[in-house]
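Open the model in your viewer and colour it by chain. We will go from the whole assembly to single side chains, one selection at a time.

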Number of protein chains: 2
Amino acid sequence: MTTIREQGGRLAALMPYDCWALLKGVQVGRVAWSRPQGPAVVPVNLTLLDGALWLRTSPGSELVREALDRPISIEVDEVDVATRSGWSVLVLGTAELVMSEDVPEHLHVLDVWPSGPHVAYVRVSPTQLTGRRLGAATHP
Amino acid sequence: MTTIREQGGRLAALMPYDCWALLKGVQVGRVAWSRPQGPAVVPVNLTLLDGALWLRTSPGSELVREALDRPISIEVDEVDVATRSGWSVLVLGTAELVMSEDVPEHLHVLDVWPSGPHVAYVRVSPTQLTGRRLGAATHP
C-alpha cells in the first residue's frame, strides 16, 4: 500500500454570506450542465451584478443549445499550490437568456476574453450557494 | 446597450495528445457529476498515472455516495488573468472505486491537501478528452 500523509489542512464549509463576498469581483468561473456522457464543465468570464451571475456567449454555443432554462452550476475557486490552501464556491441556478434590451446598461463590466460574437447574455440567479475553504496545512 | 469589446484572444480546440500533456503533473482539478438540481463541481487533488486519473476521497464523501460507476467529468484548467489567456481540459469517464490491494504502489505521488481519512481511491479512465486554449488578446 501507499504511504498516506495525514497532516493536511482543515476543510470548512462557508456560509452563504461568505460565498457572496467571494463572488464579488470574480472574472472567471466554470459553468457546468448535465449531459448523458457526463457534465460539461467550461471556463467562462463571469460577473456578479445585483445578486445574479452574468455571462456572455455566442448564440450558437453549446451552453445556449444545451443548457438554457435547465438547472446549471457555476463553480468559482482559488487555489494556492504553495500553501496547499484555497476556497471554492458552487452556485446552483437556471441559465436564462436575457434579451439585449433587458440587459442592464452598466453590464459593460462583463468583458469576455475570447474574440467572437458573444451577443447572448445569460443570467443565473442563484437558488443555492455553497462553498468551502481549505486552510493551509500544519506541518508536524 | 452595453459596449462590446471584440478584440479578444483566439480560442482553439486542443488535440487529445495536447490534453494528455497538459494533464501530466496536474495537482488539482474539479470533479463533476450530474444531480437533478445541477451538477456538483468539487475541486480535488488528482494525479495522472498510467493513462488514468486518480483521486483519493473519504469513504463517506458525496463523490462516493453519488458518483461511483456513473459518468463523471474532470475539468483541469490554467488561467492567466494578466494576459487573459489560458487552457482547459475536460475528461469524461466513469468513477471506479479501487480496492486498496489493487492501488499501484507508486501512487504515493497522490498527495491530498485536506486532512481526513482519504482511504477511498477512485480511478477515472478517460473515455473522451477535449480541451481548448485561449491565446492572449491582441491589442488594437
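The tour below starts with the two chains, moves to the surface they share and ends at the salt bridges.

**Stop 1: the two chains**

Keep in mind that this is a predicted model. Show chain A and chain B as cartoons and superpose one on the other. Chain B lands on chain A with an RMSD of 0.0 Å after a turn of 180°, with a shift of 0.0 Å along the axis. That is the relation of a two-fold axis. To find where chain B approaches the rotation axis, select B:Ser34: its C-alpha comes closest of the residues of chain B, at 2.7 Å.

**Stop 2: the shared surface**

Now select the residues of each chain that touch the other. You should have 54 residues of chain B in contact with 54 residues of chain A. The same surface serves both copies, as 100% of the contact residues of chain B recur in chain A. How much area is buried between chain B and chain A? It is about 4400 Å², and carbon and sulfur atoms give 57% of that.

Next, look at the polar side of the interface. Between chain B and chain A there are 13 residue pairs in polar contact, counting residues at pLDDT 80 or more. Colour chain B by strand to see what supplies its side of the interface: E2 (28-33), E3 (40-45), E6 (71-80), E7 (85-98) and E9 (128-134) each bring at least two residues. Which strand gives the most? E6(B) does, with seven residues. Recolour the side of chain B that touches chain A by residue class, and the split is 26 nonpolar, 15 polar and 13 charged.

**Stop 3: a network across the interface**

Show side chains as sticks. There are 12 salt bridges over all chains, and six of these lie across the interface of chain B and chain A. Select A:Arg30 and B:Asp77 for a bridge from one chain to the other, where the closest N and O atoms are 2.5 Å apart.

Then stay on chain B and select B:Arg30 with B:Glu75. Their side chains form a salt bridge with an N to O distance of 2.8 Å. The partners come from distant parts of the chain: B:Arg30 sits in strand E2 and B:Glu75 in strand E6, 45 residues apart. Are these two residues buried or exposed? Both B:Arg30 and B:Glu75 are buried.

Now widen the selection to A:Arg30, A:Glu75, A:Asp77, B:Arg30, B:Glu75 and B:Asp77. These six residues are linked in a network of salt bridges.

**Stop 4: a pair within each chain**

For the last stop, go to A:Glu96 and A:Arg123, whose side chains meet in a salt bridge at 3.0 Å, N to O. This pair also links distant parts of its chain, with A:Glu96 in strand E7 (residues 85-98) and A:Arg123 in strand E8 (residues 120-124), 27 residues apart. Turn on the surface to check the exposure of each. A:Glu96 is partly exposed, with a relative accessible area of 31%, and A:Arg123 is partly exposed too, at 23%.

Jump across to chain B and select B:Glu96 and B:Arg123, which form a salt bridge at 3.1 Å, N to O. Here B:Glu96 lies in strand E7 and B:Arg123 in strand E8 of chain B, 27 residues apart. B:Glu96 counts as partly exposed at 32% relative accessibility, and B:Arg123 is partly exposed with a relative accessible area of 23%.

Technical notes: Residues numbered from 1 in each chain as written. Chains lettered and ligands numbered in written order. Predicted model: local features only at pLDDT ≥ 70, side-chain atom pairs only at ≥ 80, totals over all residues. Heavy atoms only, no water. Least-squares fit on C-alpha atoms with pLDDT ≥ 70 in both. Contact = heavy atoms within 4.5 Å. Buried area = accessible area lost by both parts, 1.4 Å probe. Salt bridge = Lys/Arg side-chain N within 4 Å of Asp/Glu carboxyl O. Polar contact = N/O pair within 3.5 Å; in protein donor to acceptor, adjacent residues only side chain to side chain. Helix = DSSP H or I, 4+ residues; strand = E, 2+ residues; numbered from the N terminus. Nonpolar A, V, L, I, M, F, W, Y, C, P; charged D, E, K, R; others polar. Buried < 20%, exposed > 50% of the residue type's maximum accessible area, 1.4 Å probe, protein only.
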